[in-house]
Amino acid sequence: MSHLYLPVSAQDHAAGPADAPVTLVEYGDYECPYCGEAYPVLKAVQQAMGERLRFVFRNFPISELHPDAMRAAEFAEAAAQVGLFWQAHDLLYENQNALSEQDLLAYGARLGVGVATLRQAFEGSFDKKIEQDFSGGVRSGVNGTPTLFINGLRYDGRRDAASLIDVLTRVAAS
């Protein structure tokens, strides 16, 4: 069983209380169809678990397979700079088939992320953060997306909402 190489920190994008009994970390790629399938499942899990869950997202763009994944991650990091990471995260997954630079600029206008911030992102200003997420994933044994970790241990079980909620509820109670 793989362990999370980099512990969750203040640098991570986290939703839910830091002292939640369960932390679920996803290594994801905004263009990955499997991550797209997991997105509504993970939203349902978050809703069901409430304050018992801290959900963390880390970038793992697989650019060789998904040519727009890196730019989408850069967009999300730019949105994070203005406090809009989760809005960007959701918008990207809800529009997975439209991740061109023009699409991302339109999403930025919709969210209120400035063009200058996005241009800087597309020129690499957030690439170090994305690369840190990616290399931490590689060191944790991530070789595809989505990859999940529950309280630091890799989870390779069933990925439907009911199964995940069951596992997370048992972990929260232990």
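## Close-up views of a predicted model

**View 1. Helix 2 meets helix 6 in a right-handed crossing.** Welcome to the first close-up; like the others, it shows a predicted model. The axes of helix 2 and helix 6 come within 9 Å, and the angle at which they cross is roughly 115 degrees. The two helices are therefore roughly perpendicular to each other. On the helix 2 side, look for Met70, Ala73, Glu74 and Glu77; their partners on helix 6 are Asp127, Lys129 and Ile130. Sorted by character, the residues of this contact comprise four charged and three nonpolar ones, with no polar residue among them.

**View 2. Helix 2 also passes helix 5, again in a crossing described as right-handed.** Here the view turns to residues 69-81, which form helix 2, and residues 115-122, which form helix 5. Their axes come within 9 Å and cross at roughly 135 degrees. Helix 2 and helix 5 are therefore oblique to each other. Helix 2 brings Arg71, Glu74, Phe75 and Ala78 to the contact, while helix 5 brings Thr117, Leu118, Ala121 and Phe122. Of the residues in this contact, five are nonpolar, two are charged and one is polar. If Glu74 looks familiar, that is no accident: Glu74 is listed in the contact with helix 5 and also in the contact with helix 6.

**View 3. The rings of Phe60 and Phe134 form a stacked pair.** How far apart are the centres of these two rings? They lie 4.0 Å from each other, and the planes are at 15 degrees, so the pair counts as stacked. The pair links distant parts of the chain, since 74 residues separate Phe60 from Phe134. Phe60 belongs to the loop between strand 3 (53-59) and helix 2, whereas Phe134 sits in helix 6, which covers residues 127-139. Is Phe60 buried or exposed? With a relative accessible area of 4%, Phe60 is buried. Phe134, at 30% relative accessibility, counts as partly exposed.

**View 4. Phe60 has contacts with residues from several places in the sequence.** This close-up stays with Phe60, in the loop between strand 3 and helix 2. Setting aside neighbours within four places in sequence, Phe60 is in contact with Tyr27, Gly28 and Asp29, and also with Phe134, Gly137, Val138, Val142, Gly144 and Thr145. One of these partners, Val142, is 82 residues away from Phe60 in sequence, yet the two C-alpha atoms are 8.7 Å apart in space.

**View 5. Phe85 and Trp86 form an edge-to-face aromatic pair.** Their ring centres are 4.9 Å apart, with 80 degrees between the planes. Phe85 counts as buried at 5% relative accessibility, and Trp86, with a relative accessible area of 22%, is partly exposed. Both residues also belong to a wider group: ring pairs link Tyr30, Tyr39, Phe55, Phe57, Phe85, Trp86 and Tyr93 into a cluster. Across the model, the count of aromatic pairs comes to 11.

**View 6. Thr145 lies in the loop between helix 6 and strand 4 (147-150).** Is Thr145 buried or exposed? At 11% relative accessibility, Thr145 counts as buried. Not counting residues up to four places away in sequence, Thr145 touches Tyr27, Gly28, Asp29, Cys32, Tyr34, Cys35, Phe60 and Ile62. For a sense of how the chain comes together here, find Glu26: 119 residues separate Glu26 from Thr145 along the chain, while their C-alpha atoms are separated by 8.4 Å.

**View 7. A cis peptide bond joins Thr145 and Pro146.** The omega angle of this bond is about -5 degrees. Pro146, like the residue before it in this bond, is placed in the loop between helix 6 and strand 4.

**View 8. Asn151 has a positive phi although it is not a glycine.** What is the value of phi at Asn151? Phi is about 45 degrees here. Asn151 is found in the loop that runs between strand 4 and strand 5 (153-155). With 39% relative accessibility, Asn151 counts as partly exposed.

Notes: Residues are numbered from 1 along each chain as its sequence is written. This is a predicted model: local features need pLDDT of at least 70, side-chain atom pairs count only at pLDDT 80 or more; totals for chains, interfaces and linings use all residues. Side-chain values use heavy atoms; hydrogens and water are left out. Axes are lines fitted to C-alpha atoms, for helices over the stretch in contact, and angles run from 0 to 180 degrees between N-to-C directions. Helices (H or I, at least four residues) and strands (E, at least two) are DSSP runs, numbered from the N terminus. Angles under 35 degrees count as roughly parallel, over 145 as roughly antiparallel, 65 to 115 as roughly perpendicular and the rest as oblique. A crossing is left-handed if the near helix is turned anticlockwise from the far one by less than a right angle, and right-handed if clockwise. Contact means heavy atoms within 4.5 Å. Ala, Val, Leu, Ile, Met, Phe, Trp, Tyr, Cys and Pro count as nonpolar, Asp, Glu, Lys and Arg as charged, and the others, Gly among them, as polar. Rings of Phe, Tyr and Trp (its six-membered ring) pair if their centres lie within 6.5 Å; planes under 30 degrees apart count as stacked, over 60 as edge-to-face and the rest as tilted. Buried means under 20% relative accessible area, exposed over 50%, partly exposed in between (1.4 Å probe, protein chains only).
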